[in-house]
Amino acid sequence: MVANKLLTLVLLRQAPRILLGMKKRGFGVGRWNGFGGKVEPGETIKAAARRELLEESCLVCNDLKEVGLLKFEFLGNPQIWEVHVFTSNNFEGEAKETEEMRPQWFEEKSIPFDQMWPDDILWFPHFLNGKKFSGYIVFEGMDKMVKYDVEEVESI
Ligand SMILES: Nc1nc(SCCc2ccccc2)c2[nH]cnc2n1
C-alpha cells in the first residue's frame, strides 16, 4: 500500500477574475491550471502551496485558505494523488512568467475549461461559490474520466 502522493494547487482570485497559468512543461503541460506541485519532506502542505506559488508565479501569499481536497486515481498506477486546493484574494507582487508557468487573469465567466483538466468543470462551481469541496476522480490516461464523485463539504 503506497502512501498517497501529496500535491498542492493554488487558485488566486481578484473578483471577478481568477489567476491561472499555462503549464509550459512537465505534468499537465499545455493546460491552464492553478499553481502547485509536490510537498517536500518536512514541509507542511500549506507551506508547500505558498512555495510553489512563489516559484511558479513570483507572487507571495501569506493567507492561503484550504478549500478543496481532490483525490485522483490513474488506472494502472496504485498511487493515489491527493491534491490540496488553496485560495486567497490577498497576495503581493505581479504575476510573472516562469519556466513552469505563463500566468493570465481570466474573467470567472470565461474560464477556459476546454484547455484544462477535464475534472475542473466538476468542482469549479463549488470553488467559485466560495464553498469547500471534496472529490474522487478516476482517470484512464490524462483525458478520460472513468468515474467521479465531487461534492460540497462543510469541512475539509
Ligand atoms: N486542476 C487539476 N490539477 C491537477 S494536478 C494539480 C497539482 C499539480 C501536480 C503536478 C504539477 C503541478 C500541479 C489534476 N490532476 C487531475 N486533474 C487535475 N485537475
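What percentage of the contacts in the protein between residues at least 6 apart in sequence join residues at least 24 apart? I looked this up before anything else, and for this predicted model the answer is 65%.

**Entry on the overall layout.** I went through the secondary structure next and noted two helices and nine strands in the protein. Reading along the sequence, I wrote the order down as β-β-β-β-α-β-β-β-α-β-β.

**Entry on dimensions.** I looked up the extent of the C-alpha trace, which spans about 40 × 35 × 35 Å along its principal axes. I then compared the radius of gyration with what a compact globule of 156 residues would have, which is near 15 Å, and the protein agrees with this because its own value is 15 Å.

**Entry on surface and charge.** I noted that 44% of the 156 residues count as buried, while the protein exposes about 8,200 Å², with carbon and sulfur atoms supplying 51% of that area. For the charges, I looked up the mean position of the 20 positive ones and that of the 25 negative ones, and these two mean positions are 2 Å apart.

**Entry on strand β6.** I turned to strand β6, residues 77–88, and found it mostly covered, with nine of its 12 residues buried. I then asked myself which way β1 and β6 run, parallel or antiparallel. Strand β1, residues 5–14, runs parallel to β6 and is joined to it by eight bridges; within this pairing I marked Val10, whose bridge partner in β6 is Phe86. Strand β5, residues 65–74, is also joined to β6 by eight bridges, but here the strands run antiparallel, and I marked Phe72 with its bridge partner Trp81 in β6. I added that β5 and β6 form a hairpin with two residues between them, and that Gly76 in the turn has a positive phi of about 95°.

**Entry on Ala95.** Where does Ala95 lie? I found Ala95 in the loop between β6 and β7, the latter being residues 101–107. I then checked whether Ala95 is buried, exposed or partly exposed: its relative accessible area is 29%, and since buried means under 20% and exposed over 50%, Ala95 counts as partly exposed. Leaving aside residues up to four places away in sequence, I listed the residues that Ala95 touches as Leu19, Ser57, Leu59 and Pro103. Last, I looked up the pair Ala95 and Trp105, which are 10 residues apart in sequence and 9.2 Å apart in space, taken from C-alpha to C-alpha.

Definitions and conventions: Residues numbered from 1 in each chain as written. Predicted model: local features only at pLDDT ≥ 70, side-chain atom pairs only at ≥ 80, totals over all residues. Heavy atoms only, no water. Helix = DSSP H or I, 4+ residues; strand = E, 2+ residues; numbered from the N terminus. Rg over C-alpha atoms; globule rule 2.2 N^0.38 Å. Buried < 20%, exposed > 50% of the residue type's maximum accessible area, 1.4 Å probe, protein only. Contact = heavy atoms within 4.5 Å. Areas by Shrake-Rupley, 256 points an atom, 1.4 Å probe, with all protein chains shown as cover. Lys, Arg positive; Asp, Glu negative; His and termini not counted. Charge placed at Lys NZ, Arg CZ, Asp CG, Glu CD. Pairing = 2+ DSSP bridges.
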